[in-house]
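Got the viewer open and a hand on the mouse? Let's take a walk through this one, stop by stop.

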Amino acid sequence: MMPTREDVLRALAGVKDPELGKDVVALHMVDEVEVVGGKVSFKLNLTTPACPLRTRLEEAARAAVAGVPGVEAVEMRTGSTVYATRDYSEAEVLRGVKNVIAVASGKGGVGKSTIAVNLSCSLASSGARVGILDADVYGPNVPLMMGVTGPPEVKDDKVVPPVAHGVKVASLGFFYNEAAPVIWRGPLVAGAVRQLLTQVEWGDLDYLVVDLPPGTGDASLTLAQTVPLGGILIVTTPQEAALNIAAKALAMFKRLNVPILGVVENMSYFVCPHCGERTEIFASGGGKKIAAERGVEYLGEIPLAVAIREHSDRGDPVASAAPDSAEALVYRDLAYKVAGMLSIVAFAQSKR
Ligand SMILES: Nc1ncnc2c1ncn2[C@@H]1O[C@H](COP(=O)(O)OP(=O)(O)OP(=O)(O)O)[C@@H](O)[C@H]1O
Ligand SMILES: [Mg+2]
């Protein structure tokens, strides 16, 4: 007996996305099903090109269809349509931007910018359309880390973000290239952040990563109040002092109703560039502990590695410059987890 379209869909309904807890048919991931004799072709459309379970889902879908009685050949095309955590097509601010991800911390200098930059590069290399917005009022250094120099082009009163490593880049430094006022007062900070959100021509993006200044000050507040955030990533180092402040930042974003994507522990351990030995300079495991205490996801740890700093200093982020290095793989893992978490948030909100 020849297989039917219904047989194929029934088989695919047995393939579950473990992250979203539903099957691929219910999630509208299956498209263009064609059955001709014993030949089946279909498209599997994932929720993000940075899908952490990509290979597993693809293999499971192919196997399910191949297992339908009468099926002789399976042609599976794959693609992705990123889920959105905001009403991007109608939005007044950041129209066309599906997801805004903020990178925050309690303490300064814990590696937010480094994470924001490498996360952006990893997401972009998965095939997603990505931008990075440097909202650090105290020391906007994303352009340096991304290797962007010179003032950006301005067209029809809008800043055209330069593209570096496949990522669109805009920074407060573009608007305030003189040494920033030592003390930024609230209204000034809010105005500057709003300027970045409204006066940059971001175009259509799957992900906009926002690098925030440390703490829970005006920049974070303005951002959270101006655009619905897909989620926030809290960066901490393993030391007790950083952890306490990270917990406070977490609590503030929770109060603002911003989804918490999770906690990342940076500078968790040191990998000797000579012998490869792993040393825990600070007590590790703190990030995991506060994540568990606060009931949020723990997204993993990033080593303290010379290559990470050197690449950033050179304006050539390790995630983009050396994509097969151990360091880049750590960021890729993080990027995939973040993309997966956002799909979950988006799915819960059903703003696809
Ligand atoms: N995992 C890492 N391994 C090695 N160096 C790192 C790592 N993460 C960050 N650094 C380095 O630590 C310094 C501080 O990092 P970064 O600027 O990303 O922190 P930040 O949290 O954004 O700081 P600020 O609060 O000032 O904005 C930089 O010189 C950066 O290259
Ligand atoms: Mg920074």
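The tour goes from the domains to the ligand and ends at a pair of helices.

Before you click: this is a predicted model, where local features need pLDDT of at least 70, side-chain atom pairs count only at pLDDT 80 or more, and totals for chains, interfaces and linings use all residues. Residues are numbered from 1 along each chain as its sequence is written, while chains are lettered from A and ligands numbered from 1 in the order in which they are written.

**Stop 1: the domains.** Colour 5–80 as domain 1 and 97–349 as domain 2; these bounds come from an automatic or database domain assignment. Their centres, taken over C-alpha atoms, sit 34 Å apart. Where they touch, domain 1 supplies eight residues and domain 2 twelve (contact: C-beta atoms, placed from the backbone, within 7 Å).

**Stop 2: ligand 1.** Now select what surrounds ligand 1: you should get 19 residues, with G108, G111, K112, S113 and T114 the closest (near: C-beta atom, placed from the backbone, within 6 Å). Show the cartoon too, and you'll find that α3 (112–125), β14 (260–271), β16 (298–304) and α10 (306–313) each give two or more residues to this shell. Helices (H or I, at least four residues) and strands (E, at least two) are DSSP runs, numbered from the N terminus.

**Stop 3: two helices.** Next, pick α8 (240–255) and α9 (286–294), whose axes come within 10 Å and cross at roughly 35 degrees. Axes here are lines fitted to C-alpha atoms over the stretch in contact, with angles running from 0 to 180 degrees between N-to-C directions. Show side chains for L243, A246, A247 and L250 of α8, which meet G286, I290 and R294 of α9.

Conventions: Two residues are in contact if their C-beta atoms, placed from the backbone, lie within 7 Å.
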